[in-house]
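Colleague: Please take me through this one. I want to know what stands behind each label.

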Amino acid sequence: MTSTVHAHGAPEPTGSTAYVGIGELVTCDGTGEVGLGMRRDAAVVVEDGLVAWVGESADAPAADRRVDLEGRAVLPGFVDSHSHLVFDGDRAAEFAARMTGERYDGGGIGVSVAATRAASDERLRELVAARVAEMRAQGTTTVEIKSGYGLTVEDEARALRIARELTPETTFLGAHVVPEEARGDRTAYVDLVTGPMLEACAPYARWADVFCEPNSPHAFTEDESRAILLAARDAGLELRVHGNQLGPGPGVQLAVELGAASVDHCTYLSDADVDALVQAADTTCATLLPGVEFSTRSPYPDARALLDAGVSVALATDCNPGTCYSDSMPFVIALAVREMGMTPSEAVYAATAGSAKALRRGDVGRVAVGGPADLAVLEAPSHLHLAYRAGVPIARTLATAADRTGE
Ligand SMILES: N=CN[C@@H](CCC(=O)O)C(=O)O
Ligand SMILES: [Zn+2]
């Protein structure tokens, strides 16, 4: 375990801290409006990285330190359950081309693969750490990180080793695309992913993921995806799927069939896909990534319809160099409200407890006594301001529990 860090890198002091004068405390305890568990004039006492007490500010017990938040809102730190932070290189020109009409088809991933392979361990480690620090500065306290820009046995294992230094939520994505050198023999590449690559990566990964997308020549078919996910499951990894991003496809049904924790994107869904997600709501979340629709000029998924049908909806950034180079959960919340029909409360829940569910984590994404003290604070009196003041940096991490490195 590494030591606890504040958003700005200062160590969390040992002993207890009473955060008092919280104008609005969002606990996500499942009660009240959409489960947000809101309390007014609240206080939270944090001790050694854990929440030790929650209650009325006036009743707060004595602590080693007392911090008056003067009416600010406090909420669980955001849970970003989908990111691809281990990369080098720049694809800003690809983004600019899309803004004038170019379509995204996954072809640019090869550019990031070449740059990432060429980077030293030290440089990659610095890049990933800086991105995680940027997330924390905006209120994110749990992050999932995928591999997928290595696509050789050594480069994928390296990406996961580096990611594992920062989070236990690491995901093996050797099946991101078929790399250029393997295009002539897709079967051989699938054999590599399900064989030596999986074996080298499994020790550093909790999850396995596949870019299942018949609408991209670079990604994986339903049969290829099933074979890769089954092999990963046999190796002890839990499953997630990139599905239905570029058009209708088999991703959602496959994720549900295999009991994946989440199917991510869900931009193009059929009625049968929605039905399957409703049936599987206890097991499989639909993780929506509206930063991708923003950055690829694509239609947004209909979150309103999914929520009304009873689907478990999560929100995440998908921070990556191609489809969304933003690691801002407040930006995602604002898009979810403005473009996908979610209420501000639904969006905050989906970005905290909902996204924790997509990682099968019952401990994070909520504020509960005995749980990790992962807290975000707003320069605002209410969670409504996250969407209301879009683009303004009002969220920051207030406290984090000890970094959970999975070691
Ligand atoms: N679609 C697959 N992977 C990423 C994009 C990766 C890239 O373009 O570099 C995504 O989730 O959108
Ligand atoms: Zn992704």
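Modeller: What follows covers the ligand, the empty spaces, the cysteines and one helix.
This is a predicted model, in which local features need pLDDT of at least 70, side-chain atom pairs count only at pLDDT 80 or more, and totals for chains, interfaces and linings use all residues. Residues are numbered from 1 along each chain as its sequence is written, chains are lettered from A and ligands numbered from 1 in the order in which they are written, and side-chain values use heavy atoms, with hydrogens and water left out.

Colleague: What makes a residue count as near ligand 1?
Modeller: One of its heavy atoms must lie within 4 Å of the molecule. By that rule 15 residues surround ligand 1. Arg91, Tyr104, Tyr149, Asp318 and Thr323 are the closest.

Colleague: Why is the pair between Asp318 and ligand 1 called a polar contact?
Modeller: A polar contact is a pair of N or O atoms within 3.5 Å; within protein, one must be able to donate a hydrogen and the other to accept it, and residues adjacent in sequence count only if both atoms are side-chain atoms. A polar side-chain atom of Asp318 is 2.7 Å from an oxygen atom of ligand 1, so the pair qualifies. His242 also places a polar side-chain atom 3.0 Å from an oxygen atom of the ligand. For Gln245, a side-chain N or O atom is 2.7 Å from a ligand nitrogen.

Colleague: What makes a space a pocket and not a cavity?
Modeller: The work is done on a 1 Å grid over the protein atoms alone. In a cavity, a 1.4 Å probe fits but cannot get out. A pocket is an open set of points with protein on both sides within 12 Å along at least five of seven lines. Lining residues have an atom within 4 Å of a point. Points are joined across faces, edges and corners, and the volume is the space filled by probe spheres set on them.

Colleague: Which residues lie closest to the centre of the largest pocket?
Modeller: That pocket has a volume of about 290 Å³. Of its 13 lining residues, Leu307, Val311, Ser312, Val313 and Tyr349 are the closest to the centre.

Colleague: How many cavities are there?
Modeller: There are two of 30 Å³ or more. The second largest holds about 90 Å³. It has 14 lining residues, with His84, Tyr104, His176, Asn320 and Thr323 nearest its centre.

Colleague: How do you know how many disulfides there are?
Modeller: A disulfide needs a pair of cysteine sulfur atoms within 2.5 Å. By this rule the count is zero. For Cys201, the nearest cysteine sulfur is that of Cys212, 20 Å away. Cys285 has its closest cysteine sulfur in Cys266, at 10 Å, which is too far for a bond.

Colleague: Why is Cys201 called buried?
Modeller: Buried means under 20% relative accessible area, exposed over 50%, and partly exposed in between (1.4 Å probe, protein chains only). Cys201 has 0%, so it is buried. Cys285 has 1% relative accessibility and therefore counts as buried.

Colleague: What makes α11 a helix, and what caps its N-terminal end?
Modeller: Helices are DSSP runs of H or I, at least four residues, and strands are runs of E, at least two, numbered from the N terminus. Helix α11 spans residues 329-339, and its buried residues include Met329, Val332 and Leu335. Ser328 is the cap, with a side-chain oxygen 3.0 Å from the backbone nitrogen of Phe331. Just after α11, Gly341 takes a positive phi of about 75°.
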